[in-house]
Amino acid sequence: MSPKYHIITFGCQMNKADSERMAGVLEDMGYSSTEDVNEAQLVLYNTCSIRDNAEQKVYSYLGRQAKRKHNEPGLTLVVAGCVAQQEGEKLLRRVPEIDLVMGPQYANRLGDLLEQVFQGNQVVATEESYIEEDITKPRRQSKITAWVNVIYGCNERCTYCIVPSVRGVEQSRTPEAIKAEITELAKQGYKEITLLGQNIDAYGRDLPSGGIGRGVGGKVTFTDLLYFIHDVEGIDRIRFATSHPRYFSKRLIQACYELPKVCEHFHIPFQSGDNDILKAMARGYTHERYRQIIDQIRELMPDAAISADAIVGFPGETEEQFNKTIELIEDIGFDNVNTAAYSPRPGTPAAVWQEQIPEEVKTDRLQRLNHVVQQQAAKRSLRFTDRVEEVLIEGFQPKEPRPLMGRTRTNRITFLHENREDLIGQTVRLQITEVRPFSLTGKLINE
Ligand code: SAH
Ligand code: SF4
Ligand code: F3S
């Protein structure tokens, strides 16, 4: 019987994509996956360190498996991802049962690292490293939609953020490698791709000039990349995340408008609606500039969905400044906003600033903000009432009554109560019969 693995993934889409790659490596090595963590001979935690609560979750999960290892010494414990990078060796001291600590840049190299483990070593792989193109195939969760990394790392220095120190410097994949991966996905029957980068607009600035580049000095830009990959046959939809307001260009908006496969959904985090807070965060834009970008998008694509991330309780944030964030959300009318209370992260500038906001104040602001976000989302959903929407069906929902689930081009989750496996992977036209703040229900229309 083949040995079993179980991967638990925390954090963002990058981590999800990395987990799929690591699963691919493990399957290549002869492992097969199991749903039951206690049945696995190899347990891998792909960790997130964006906020303290994400980090703490890892330790509590780890504790349980570390105990199990006392009775089952053959168990291999791997900690990958952003907490692994942040803590390195310290993790081994804290949980000595761990066999392998590996940063995100090593996802491709899980096989080599495990070999060292099986030779009897405890291994820490957190040195800054160049990410080689994959030789193994990821084992993807979905057969319909796929993540495609375009740029790793982040060179921004937002004063609250741990990502640059755990994901390293920007490294773009070549347009050719990206297109080759998408072509392969299309061959396998995938219909939708999401291009991934922490700051996707930075794509290309670390690559040599030339080739398809139309940016400054002949550099390749993200917009060039969109044009370059757009026509891969078989792929119906293209999405991307995350955009940084500082770099969001008119040319990109024009490209999204012109290119039919690029979906009308923009995820552009603003973090705060107050200019002084934005400055302290070192975000490099004002709320006026942010509003201008949204206006430009809506001028060409009036129905586009807009989502974002926001932080409350950044050091020094006054009630008045917090209200500016509420104001921005109400003025723009977001389809969704991921909200978070500021969490001080090790080694980031804002973590040691005076004027930290008390937890109760942060929690209270977060609740008030979430209320507004929900209200706005509900309002935005109303526009779908009775409308006919194109929905790409991704599969059955696991929960009873197991409706089919898909998404509109604008990224609204949409349910369809039909027991029709043949619709998976199809783009169907649905008449929307029910709207909720973050999801819709529709029925097939007879044409
Ligand atoms: N690259 C993206 C976001 C990366 S992290 C961007 O620049 O917008 C995802 C989100 O986590 C951020 O948008 C931010 O809202 C939140 N976040 C990051 N660091 C945080 C911290 N220290 N405390 C609370 N939220 C944080
Ligand atoms: Fe973090 Fe800022 Fe980079 Fe986003 S752009 S990952 S918030 S440092
Ligand atoms: Fe978390 Fe790392 Fe992503 S810190 S949000 S998993 S880049």
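**Group meeting: a walk through the predicted model**

Of the 447 residues in the protein, 55% are buried, where buried means under 20% relative accessible area, exposed means over 50%, and partly exposed lies in between, with a 1.4 Å probe and protein chains only. This is a predicted model, so local features need pLDDT of at least 70 and side-chain atom pairs count only at pLDDT 80 or more, while totals for chains, interfaces and linings use all residues. Residues are numbered from 1 along each chain as its sequence is written, chains are lettered from A and ligands numbered from 1 in the order in which they are written, and side-chain values use heavy atoms, with hydrogens and water left out.

I'll start with the overall picture. The protein has 13 helices and 19 strands; these are DSSP runs numbered from the N terminus, with helices being H or I of at least four residues and strands being E of at least two. The radius of gyration is 22 Å, close to the 22 Å from the globule rule for 447 residues, so the protein is as compact as a globular protein of that length. That radius is taken over C-alpha atoms, and the rule is 2.2 Å times the number of residues to the power 0.38. Along the principal axes, the C-alpha atoms fill a box of roughly 60 × 60 × 50 Å.

Now contacts and surface. Of the contacts with a separation of 6 or more, 71% are between residues 24 or more positions apart; a contact means heavy atoms within 4.5 Å. About 20,000 Å² of the protein is exposed, and carbon and sulfur atoms supply 49% of that area. The areas come from the Shrake-Rupley method with a 1.4 Å probe, and for residues only the protein chains shown count as cover.

On charge, there are 55 positive and 63 negative charges, and their mean positions are 1 Å apart. Lys and Arg count as positive, Asp and Glu as negative, and His and the chain ends are not counted. Each charge is placed at NZ of Lys, CZ of Arg, CG of Asp or CD of Glu.

Next, the domains. The division is into domain 1 (4–125), domain 2 (142–263), domain 3 (274–281 + 295–383) and domain 4 (385–444), with bounds from an automatic or database domain assignment. Between domain 2 and domain 3, the C-alpha centres lie 25 Å apart. Their contact takes twelve residues from domain 2 and 15 residues from domain 3.

Then the backbone. Which residues does a cis peptide bond with omega of about 0° join? Ala-241 and Thr-242. Thr-242 sits in the loop between β11 (237–241) and α9 (250–258). The peptide bond from Glu-400 to Pro-401 is also cis, with omega near 0°, and Pro-401 is in the loop between β15 (388–396) and β16 (404–408).

There are also positive phi values to mention. Gln-271 is not a glycine, yet its phi is positive at about 70°. It lies in the loop between β12 (265–267) and α10 (275–280). Is Gln-271 buried or exposed? Gln-271 is buried, with a relative accessible area of 7%. Glu-355 has phi near 65° and is placed in the loop between β14 (336–341) and α13 (359–381). Glu-355 counts as exposed, at 59% relative accessibility.

Finally, a few single residues. Leu-300 belongs to helix α11 (residues 287–300) and is partly exposed at 30% relative accessibility. Leaving out residues up to four places away in sequence, Leu-300 touches Ile-253, Gln-254 and Tyr-257. Its C-alpha is 9.7 Å from that of Glu-258, with the two positions 42 residues apart in sequence terms. Gln-292 lies in helix α11 too, and counts as partly exposed at 40%. From Gln-292 to Gly-347, 55 residues apart along the chain, the C-alpha separation is 33 Å.

Gly-168 is in the loop between α6 (163–167) and β9 (171–172), and is buried at 7% relative accessibility. What does Gly-168 touch, not counting residues up to four places away in sequence? Gln-105, Glu-128, Gly-153, Cys-154 and Val-163.

Last is Pro-3, in the segment before β1 (4–9). Pro-3 is partly exposed, at 32% relative accessible area. With residues up to four places away in sequence left out, Pro-3 touches Gly-30, Tyr-31, Ser-32 and Gln-41.
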